[in-house]
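Dear colleague,

Please find below the structure that I am handing over to you. My notes on it follow directly after.

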Amino acid sequence: MADLSTKFPVFPPAFGQDGGKFLKHYDQLADELDEDMTKPIKENLDGMLIFAGLFAGVNSGFLTLTLPKMSPDPSDDTNALLLQLIQGAGNSGNAPRLPSAEFTAPSDMFIVNILFSLSLTCAVAASFFAVLGRQWLMYYDHRSGQTTDKRRFEQLLRSQAAERWGLVPILDIVLPTLLQLALVIFSIGLILYLRSLGAVLSYAPLALLSAGLAGLILSVGFCLWDPFCPFKTPGSQVVTFIARASPSKRIISWWAVTAKRSSGLIRRQSYESKGEEHNLHELSQDSFHQDKTPLRGQGGTHANIHRPVEDSKLLRADLVRRVLTISDDKNALYHAALNLSAVRDPVTLDRVISDEVAVERLRNLYLEAQARWNTDGDAARREARAYGTALMHIVLSVGSLAHLLPPDSRIQLIQNPDSTLWRPTVNSKLLNFLGELEDRLRVDRVEQTQISQRSQFLFIASRALQVIAPWGWMTKGDLYILYSYILAFELPPWPSLSWLALTIKLSTRRISDSGNRLPTMTPLPWSLEIFTKIQHMYRGVQDSRSICEDVMQSLRTITKSWPQKPPNDVYFNLFRSICLAENETGIFTRSSLDVGAEVPELLTSLLVSVEINIRRSPPAVDQSKERSLRQDCLRFLGSDLDQPWPSIAWTAASVTQYLKAVMGMGRSTENHLILEAMRNLVELIRSESGTGLQNEGSIWGIPVGEELRLEFSRVYMHFEAFVTRNDVAE
């Protein structure tokens with residue numbers, strides 16, 4: 001047998017139990033994101049500090065020229081007094097008023113000094129916060145000496161806090177904007193100062209400043225028109241978002257989005273994974289709380305006043321979300337999908353599915369992988385199965401049918417579920433997606449024994465969802481494939497019982513089986529009802545009464561006929577699943593349903609239906625297959641007679657009516673085959689009748705004890721004579 005690891009992904013038994021592969025890639029991604037966030041900001045802050053220092057020196061130099069003009073010059077008074085001594089020495093007349101007494105600061109100098117002072121203040125403030133920013137980044141990069149898992153969670157919490165509090169917008173947008181504002185204010189003050197010296201002196205600087213401001217305004221306009229314009233500035237980012245956001249959410253939304261984008265939520269280039277492997281099994285919630293040492297910022301003497309730290313379940317989800325939404329490393333994405341498929345906790349899965357970006361990325365990864373199915377060989381097939389399984393897992397665990405649709409169709413479905421204008425589009429996209437998924441997840445019977453039980457559910461569910469897609473249609477071939485899937489996989493009794501009952505319910509839909517006619521639209525409520533049943537089966541929710549009601553409803557269709565009616569082997573496997581489920585779990589007994597004698601009678605109807613197919617001329621089905629099914633049915637009735645189902649009473653009642661029906665069909669070579677099988681069955685019943693027949697309960701409402709034995713014996717002997725001696729049938 002081929003090595004399945006080359007074709008099928010190896011799903012870990014639980015989140016993290018993959019030899020540390022996922023966290024190895026996550027740690028590399030986290031380190032890269034931190035470096036991508038902090039390194040440019042540090043370089044930017046260093047440049048700002050240098051520029052702010054030089055600019056403050058230039059600004060201070062101009063202030064030394066303009067500030068003295070705000071007060072009288074003492075030399076003017078000295079010169080006035082000297083002039084008085086020279087011109088009128090010995091003159092005892094009144095002394096003239098000094099220039100300082102009549103001084104009034106020029107209004108234009110007042111404005112110039114305000115602008116220069118404000119510019120210098122902005123530059124100093126930008127320098128001050130740049131120094132603070134370097135300290136913030138130093139504490140952000142600091143790692144505690146705790147365990148590997150806690151250091152990882154600590155890094156994740158700090159990254160989330162940096163996004164939540166807008167660290168990057170403050171350091172990367174606000175501070176440069178403040179310094180640019182200081183430069184603009186200084187330029188305006190310089191022009192006013194030159195104008196005070198002479199209007200001609202201000203013309204050239206004014207023209208250059210106007211050209212610069214015009215270029216800045218144009219760059220903002222270019223960024224509004226072209227999102228990929230390279231002339232981005234902090235101001236253009238603010239203006240662009242404000243212009244596109246709703247008035248009520250502009251500032252808050254801009255701050256949040258800018259924080260996420262600036263802190264590294266961009267696609268990275270693929271890279272080869274390096275570094276040591278980590279043991280990830282300690283990442284479970286219990287191991288997370290084994291070390292009582294609090295995370296940094298979590299506890300302390302005044303822990304009650306701190307913001308509560310996220311639960312470890314949510315942090316695990318954030319690890320996966322971060323990889324799905326940011327990374328472009330194929331290895332990281334692949335192992336993220338594998339570990340996501342192993343998550344059972346609904347809180348964690350709900351956190352993942354609430355992130356539309358992560359879900360859509362997972363969906364696109366699957367579509368990209370399946371597009372390479374025939375070109376990239378086993379690698380693409382492993383990826384397609386991993387991504388498809390992860391997507392189906394979260395949708396069936398905590399999602400809805402709408403999560404399988406593309407975003408545009410999903411929005412339409414939510415906003416206007418009754419619209420008929422776009423139904424074919426939704427139908428086509430969803431059916432194509434589910435069909436591709438089902439093809440990629442298919443395995444043959446030899447290989448499926450090594451696939452996990454949960455994956456088997458996903459294989460079957462993908463086909464079932466294709467049948468019940470909103471406003472979709474199905475063909476008889478679709479149902480046959482679904483039957484074959486369910487019969488091929490060795491599922492536990494009650495899920496198998498549920499699946500078989502569900503497929504029969506699906507087949508009762510009056511839907512076109514012809515490609516020449518428009519298919520009948522499937523009502524949305526019916527699709528959602530079936531999807532809910534699939535979800536319950538996948539989650540292991542055992543609603544005994546609901547399952548038993550579906551089973552009985554499906555069994556009653558044995559006597560009916562419609563174009564998409566399931567073959568008889570589906571009904572036989574449904575009977576067999578009923579017995580296994582009742583013997584192991586007592587599901588029918590717990591459901592309190594009064595089935596009475598209905599089940600044995602329906603089994604008789606199945607045997608009669610098989611016999612009719614065998615004797616029909618011309619044959620409508622494979623008669624050899626029907627003969628094999630007849631043998632399986634009679635052999636099953638004689639097995640495990642010590643179990644509650646099928647009991648001796650049930651077997652005797654069903655076979656008695658079946659033999660009567662066979663004799664009514666007339667003579668045939670098939671009767672000899674039936675007689676041989678019946679002799680084996682009678683021997684089994686006789687060996688068990690001493691303990692089983694008399695002690696049979698009355699759940700079926702059929703005769704017990706001697707009366708039932710005599711009736712069965714009489715009909716059997718009459719059938720034996722009918723076959724061997726050509727006696728007349730009853």
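The notes below cover confidence, the nonpolar cores and two helices.

This is a predicted model, in which local features need pLDDT of at least 70 and side-chain atom pairs count only at pLDDT 80 or more, while totals for chains, interfaces and linings use all residues. Residues are numbered from 1 along each chain as its sequence is written, and side-chain values use heavy atoms, with hydrogens and water left out.

The protein chain has a mean pLDDT (the predictor's confidence in each residue, from 0 to 100) of 76, and 75% of its residues reach 70 or more. Over residues 246–305 the pLDDT is below 50, although the model gives this stretch 127 contacts (heavy atoms within 4.5 Å) beyond near neighbours in sequence. Where pLDDT is low, the predicted coordinates should not be read in detail.

The largest nonpolar core (buried Ala, Val, Leu, Ile, Met, Phe, Trp, Tyr and Cys residues joined through side-chain atoms within 4.5 Å) has 140 residues, and L404, L465, W499, I534 and F588 have the most contacts inside it. Another core, of 28 residues, lies apart from it and includes L63 and F186. Buried means under 20% relative accessible area, exposed over 50% and partly exposed in between (1.4 Å probe, protein chains only).

Among the helices (DSSP runs of H or I, at least four residues, numbered from the N terminus), α25 spans residues 598–615, and 13 of its 18 residues are buried. S591 belongs to helix α24, residues 587–591. S591 is buried because its relative accessible area is 5%. Leaving aside residues up to four places away in sequence, S591 touches S544, R545 and C548.

With kind regards

Key: Helices (H or I, at least four residues) and strands (E, at least two) are DSSP runs, numbered from the N terminus. The expected span of a helix is 1.5 Å times one less than its number of residues.
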